[in-house]
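Hello,

Here is the structure I said I would pass on to you. Please open it first and have a look around, and then read my notes beneath it.

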Amino acid sequence: LESASFNLEHLEGSTVLVPGVLMNKAWGEVSIPDRFKVTVEAESEFPRSYIEISIITINDASYMTDIFTGRWSQVPTESLPFNLSELGQSLADIVDAVQQPRAVRRERLNDIDTIYITGHIASEGLSGLVPGAAKGYSVELGLWLDESGLLRQVNIDGPVVSTDDVSAVRQLTLDDINLPLDIKPPDNVSS
């Protein structure tokens, strides 16, 4: 995997980013190994309000929007809630770690021929994709792989982090795989 656009959505439940802030959806683009941009939709519990945060990382420089003003600031890369620069390897590791995989059927997904595979994985096996993944949960996976073996979509069914509800379901969809991307630093960065 060299590049892709992605959409991570909670079909059931949400992910706690920080106490009182719940992520519902994230989408963006990644150009491996050193560039990504992502927008996160979240909701604060009190006061109840919608929050949107955008992040861009290019090499060792990272930028994030302020949740109140929307203005861009440069931030330390290690302070980000996730790092997508290793997404390709993380996805390959997840596919390799699936326990008791079973090819269920051929399926057309977004105009691409895929094979739908089910299996399960220990929650800690998802740590490359879900930071803070807890140990000890058995998570059901549904994977759609194209004919070349690239992951096109995965449904993650069950708790992955300790704050997840038992009915949590996440869906990660990849599109525009290996197409050229132009990820640039944001304009008007505050210091």
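Below is what I found, going from the whole chain to the helix and then to one loop.

Please keep in mind that this is a predicted model.

**The chain as a whole**

The secondary structure consists of one helix and 13 strands. Going along the sequence, you will meet them in the order β-β-β-β-β-β-β-α-β-β-β-β-β-β. The radius of gyration is 17 Å, close to the 16 Å that the globule rule gives for 191 residues, so the chain is as compact as a globular protein of that length. Along the principal axes, the C-alpha atoms fill a box of roughly 50 × 40 × 25 Å.

Of the 191 residues, 45% count as buried. If you take the contacts between residues at least 6 apart in sequence, 44% of them join residues at least 24 apart. The surface that the chain exposes comes to about 10,300 Å², with carbon and sulfur atoms supplying 48% of it. As for charge, there are 13 positive and 29 negative side chains, and the centres of these two sets lie 3 Å apart.

**The helix**

Helix α1 spans residues 87–97, and its buried residues are Leu87, Gly88, Ser90, Leu91 and Ile94. Viewed down the axis of α1, these buried residues fall within an arc of 165 degrees, so they line one face of the helix. And what covers them? The cover includes strands β3 (21–31), β9 (112–122), β10 (138–146), β11 (151–157) and β12 (169–175).

**The loop between β6 and β7**

Two neighbours in this loop are worth a look. Ile67 sits between β6 (61–65) and β7 (72–75), and Phe68 is found in that loop too.

Ile67 has a relative accessible area of 42%, so it counts as partly exposed. Leaving aside residues up to four places away in sequence, Ile67 touches Ile51 and Ile53. From Ile67 to Tyr50, 17 residues apart along the chain, the separation between C-alpha atoms is 9.7 Å.

Phe68, with a relative accessible area of 74%, is exposed. The C-alpha atoms of Phe68 and Asp175 are separated by 31 Å, and these two residues are 107 apart along the chain.

When you have the model open, you could start with the buried residues of α1, such as Leu91 and Ile94, and then turn to Ile67 and its contacts with Ile51 and Ile53.

Best wishes

Notes:
Residues are numbered from 1 along each chain as its sequence is written. This is a predicted model: local features need pLDDT of at least 70, side-chain atom pairs count only at pLDDT 80 or more; totals for chains, interfaces and linings use all residues. Side-chain values use heavy atoms; hydrogens and water are left out. Helices (H or I, at least four residues) and strands (E, at least two) are DSSP runs, numbered from the N terminus. Buried means under 20% relative accessible area, exposed over 50%, partly exposed in between (1.4 Å probe, protein chains only). Contact means heavy atoms within 4.5 Å. The arc is that of the directions from the helix axis to the C-beta atoms. The radius of gyration is taken over C-alpha atoms; the globule rule is 2.2 Å times the number of residues to the power 0.38. Accessible areas come from the Shrake-Rupley method with a 1.4 Å probe; for residues, only the protein chains shown count as cover. Lys and Arg count as positive and Asp and Glu as negative; His and the chain ends are not counted. The place of a charge is taken as NZ of Lys, CZ of Arg, CG of Asp or CD of Glu.
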